[in-house]
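Let's walk through this fold together, starting with its sheets and ending with its nonpolar interior. Keep the viewer open as you read.

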Amino acid sequence: MTSLPERPTRRRAIAIFAAAAAGAMAGGPARSSAEYVWRGVAMGADATILFNGIDRDAASAAVALVEAEIDRLEDELSLFRQASELCRLNRDGRLQSPGADLRRALTLALDTASASGGLFDPTVQALWEAHVDWFAAAPGAATPPDDLIARARLAVDWRKVTIEPSSIHLGHGQRVTLNGLGQGYVTDRIAELLAGRGLRHVLVDLGEQRAIDARLDGAPWQIARAGGAPIRLRRGALATSEGSGCVLGAGGAAHHLFDPRSGRSAGGWKTVTVHHRSAAVADALSTAFYIASANEIAALLPQFPGTVVWARDHANAGRRWIAAPVDDVVSLEV
């Protein structure tokens, strides 16, 4: 199996303003007892959690649980740990007694694949491997030839993945990736862990963002988007897909967001940002909608109530779609 980079380029184009926590952003606890910022790594991406209205001891105790939970989840879901359940599934084509989180994450991936008509497909790992191998052998080459892509596409079909009560089976030659929703899934799990401890005024950013609730004073979290107006977020999650976040080949001949229908990197949008109550769903939808046309986004969105989509094309023209009802985004300016 093709080896993966130790740390991937972060694929999202979102940043946190969080001006009130600026004193803590350099690392470690804030000077104020009401502010605390944790920094780390989750699923190969830089990770940050902003705690508001909390004392240092309570935040430190929460962080210890967060770090242990991220480590546990990566043992199931990560492509960057060779002994993870996901890597073992890809190596052997089957996995007995999979963990609950791998089952849930992969089930969500297959459900999203079904709902999107295959625009989202966790079996595109074969396309990633084909591109990485091609450019590793010839870094200055153009995109891979049609015959190589055609062979890789033989392993791309989410319908060949079977989840049984005690096992998971892949189709012949298939490998799966959860990179299209894994950061969002871990974000959700960490947000739920913290909420279960009674913490409310928290913004979890593990590659995608999820606000458990607004700041202590009721102010929303301000999220900046590259090329777009900031989003003021009280609750729910945001995820962004951007092809330029992980380019392949000299001069960015290709990128990591593959259209399963063609086997090539999708090219219709510059960035796509999705808001949903779940970070995992937002993550998966931002991947699917990055591949979709504007008409396809409009047709698919009613299946996902409470979703907002912002897309920006390569001419920097913005579009927005809303599947009502939506009450978690205070500002919807694009």
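An open sheet of eight strands, in the order 2-3-7-8-11-14-15-16 with antiparallel pairing, is a good place to begin. Strands here are DSSP E runs of at least two residues and helices are H or I runs of at least four, numbered from the N terminus; two strands pair if DSSP finds at least two bridges between them. This is a predicted model, in which local features need pLDDT of at least 70 and side-chain atom pairs count only at pLDDT 80 or more, while totals for chains, interfaces and linings use all residues. Residues are numbered from 1 along each chain as its sequence is written, and side-chain values use heavy atoms, leaving out hydrogens and water.

Strand 2 (35-42) and strand 16 (318-323) are the edges of the sheet; each has a single partner strand, so one side of each is left without a neighbour in the sheet. Further in, strand 14 (residues 271-276) and strand 15 (residues 307-312) run antiparallel and are joined by five bridges. Look there for Val274, which stands opposite Val309 in strand 15.

Now turn to the helix on this sheet. Helix 1 lies across strand 2 and strand 3 (45-52), at about 15 degrees to strand 2; angles run from 0 to 180 degrees between N-to-C directions, and axes are lines fitted to C-alpha atoms, for helices over the stretch in contact. The axes of helix 1 (residues 56-77) and helix 6 (residues 182-196) also come within 10 Å, crossing at roughly 145 degrees. In contact terms (heavy atoms within 4.5 Å), helix 1 residues including Leu65, Glu69 and Leu73 meet a set in helix 6 that includes Arg189, Ile190 and Leu194.

A second open sheet has three strands in the order 4-6-5, again with antiparallel pairing. Its edge strands, strand 4 (94-96) and strand 5 (162-164), each pair on one side only. Strand 5 is joined to strand 6 (residues 167-169) over three bridges, and Glu164 has Ser167 as its bridge partner.

What holds the most contacts inside the largest nonpolar core? Ile49, Phe51, Leu194, Leu206 and Phe289 do, in a core of 71 residues. Such a core is a set of buried Ala, Val, Leu, Ile, Met, Phe, Trp, Tyr and Cys residues joined through side-chain atoms within 4.5 Å, buried meaning under 20% relative accessible area (1.4 Å probe, protein chains only). Helix 7 (residues 279-291) gives the most to this core, with nine residues.

Notes: Buried means under 20% relative accessible area, exposed over 50%, partly exposed in between (1.4 Å probe, protein chains only).
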